[in-house]
Amino acid sequence: MLGGKPITLFHVRGIRIAVDWSWFFVLFLVIFWLSQFYGDLLGETGSDSAPFLLAIVSAFGFFGSIVLHELGHAFVALRNGIGISSIQLWIFGGMARMSRESDSPRTEFQVAVAGPLVTLAIVVVLTAVGVGAAGWEGFSKAALVESDAGTSGVLAMVAWLAMINFLVLVFNLLPAFPMDGGRIVRAIVWWRSGNRSAATRFAANLGRVFGYLFVGLGLLLVFDGYYVAGIWLAFIGFLVNGSARAATAQTALTSNISRLVVADVMDREPVTISDQLSVEQALDEYFLRYRWPWFPVVDAAHRFRGLVVRDKADEVPETSRTTSLVADVLERDDGTFQVREDAPLDTLLANRSLRRFGAVFAVDADGRLMGVITAEQVGRALRDAAG
């Protein structure tokens with residue numbers, strides 16, 4: 001996000017969880033700040049290990065809650081046929097990388113609201129635990145990072161996590177596109193108007209207003225001596241403003257193709273390979289004949305299964321190619337390879353498989369392969385629209 005290759009931490013149901021280098025900077029700041037708080041709370045010196053350990057657990061608990069927030073978006077997106085390539089943490093939080101845009105206001109709303117609902121559940125659970133164990137006064141003081149809270153270190157950690165997640169929830173629900181609140185606004189306007197481009201323009205313009213407000217408020221905080229908070233908020237304002245401006249520019253470019261769907265430009269007779277074909281037949285009858293790097297694979301009912309890639313087929317030993325099936329070397333579809341044939345064409349502009357393979361595969365409601373649409377066809381439609 002700010003440059004450099006992200007570091008993969010782990011996978012959740014096939015979704016890669018990665019961190020940008022800037023994440024480590026925030027991790028250090030949170031641990032340093034909380035170590036001082038827990039030290040004052042517990043009356044221990046800087047040489048004691050308890051405050052430092054509590055700070056580490058708190059920091060990872062906070063970033064864990066960010067991952068859960070993004071997984072909320074991701075799981076709902078996957079349920080609606082939108083592929084997720086990764087979730088990446090960085091200096092300003094996290095982001096789920098989706099293969100394409102939502103194709104309806106209902107889907108947009110469900111995906112956008114899923115993350116805040118997860119964060120709300122985290123706040124409710126932590127608050128219930130903290131208030132039940134320490135009472136409201138002790139919990140509220142610990143949540144506000146007051147050293148005279150009179151609670152244990154563990155309960156102070158619970159209170160702090162509840163408060164920081166509450167702040168994340170409130171901030172994310174501000175109607176500033178492309179934040180969650182802005183996407184919810186776009187979904188509502190899209191539903192009321194029936195025009196996604198107009199809804200995106202409205203939400204993006206609202207996002208730019210909030211971006212300027214963040215910058216202005218950040219500068220005021222800097223002038224009042226709150227340097228870190230002010231610079232942080234102003235930087236967020238610049239990012240929100242830039243993202244909203246980019247969304248407005250993209251909408252202006254794609255509004256002319258908003259009435260086109262995938263079926264309008266796709267190739268309706270793609271060359272396909274059966275998943276029950278042997279690898280040897282696939283190499284001889286398809287790869288050697290057409291000289292293509294991959295082919296879409298279908299089953300007996302012509303349902304799209306995924307792709308067979310030449311390099312993967314070549315890895316099969318020659319002695320096993322007659323008995324190995326295409327299904328054995330299949331790069332299975334994780335939801336990012338396919339798109340509904342009735343999906344708006346402009347939803348493909350953010351499709352990662354279109355950039356990776358140069359094509360995506362159109363299916364009907366039953367998952368049957370109906371056609372293939374290439375990056376060249378999408379580009380031609382954009383050029384025609386611009387002309």
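Trainee: In β11, which residue is the bridge partner of A362?

Mentor: Strands of a sheet pair through backbone hydrogen bonds, either parallel or antiparallel. In this predicted model, A362 has G371 of β11 as its bridge partner. Five bridges join β10 to strand β11 (residues 369-374), and the sense of the pairing is antiparallel. The hairpin of β10 and β11 has five residues between the strands, and G367 takes a positive phi near 85° there.

Trainee: In which sense do strand β9 and β10 pair?

Mentor: Strand β9 (residues 338-340) pairs with β10 in the parallel sense, over three bridges. Within this pairing, F361 in β10 has Q338 opposite.

Trainee: Which residues point one way from β10, and which the other way?

Mentor: In a regular strand the side chains alternate between the two faces of the sheet. From β10, A359, F361 and V363 point one way, while V360 and A362 point the other way. All of these residues are buried. Because five of the five residues of strand β10 (residues 359-363) are buried, the strand is largely enclosed by the rest of the structure.

Trainee: I should like to turn to another sheet. In what order do the four strands of the open sheet stand?

Mentor: The order is β1-β2-β3-β4, and the pairing is mixed. The edges are held by β1 (7-12) and β4 (93-98); each has a single partner strand, so one side of each is left without a neighbour in the sheet. From one strand to the next, the twist averages 20°. Strand β2 (residues 15-19) and strand β3 (residues 84-90) run parallel and are joined by four bridges. In that pair, A18 stands opposite Q88 in β3.

Trainee: Which helix lies across β1, β2, β3 and β4?

Mentor: Helix α2 (residues 49-79) lies across these strands, and runs at about 160° to β3.

Trainee: How many residues has the largest nonpolar core, and which have the most contacts inside it?

Mentor: This core has 46 residues, and Y38, F62 and W160 have the most contacts inside it. Two or more residues come from each of β2, α1 (21-42), α2, β3, α3 and α4 (153-172). The most are given by α2, with 11 residues. To follow one member, consider Y38: leaving aside residues up to four places away in sequence, Y38 touches P51, L54, A55, S58, G153, A156, M157 and W160.

Trainee: How should one examine whether a helix is straight? Where does α3 bend?

Mentor: One may compare the expected span with the span in the model. A straight helix of 39 residues would span 57 Å at 1.5 Å a residue, but helix α3 (residues 105-143) spans only 37 Å between its end C-alpha atoms. The bend in α3 is about 115°, at G135.

Trainee: Is S278 buried or exposed?

Mentor: A residue counts as buried when its relative accessible area is under 20%. The value for S278 is 8%, so S278 is buried. S278 is placed in the loop between β5 (273-274) and α9 (279-290). Its contacts, not counting residues up to four places away in sequence, are R321, T322, S324, L325 and V326.

Trainee: Is D311 buried or exposed?

Mentor: A residue counts as exposed when its relative accessible area is over 50%. With a value of 56%, D311 is exposed. D311 belongs to helix α10 (residues 310-314). From C-alpha to C-alpha, D311 and P293 are 7.9 Å apart in space, and they are 18 residues apart in sequence.

Definitions and conventions. Residues numbered from 1 in each chain as written. Predicted model: local features only at pLDDT ≥ 70, side-chain atom pairs only at ≥ 80, totals over all residues. Heavy atoms only, no water. Expected span 1.5 Å × (residues − 1). Bend = angle between axes of the 7 residues up to and from the residue. Pairing = 2+ DSSP bridges. Axes fitted to C-alpha atoms, helices over the stretch in contact; angles between N-to-C directions. Contact = heavy atoms within 4.5 Å. Core = buried A, V, L, I, M, F, W, Y, C linked by side-chain atoms within 4.5 Å. Buried < 20%, exposed > 50% of the residue type's maximum accessible area, 1.4 Å probe, protein only.
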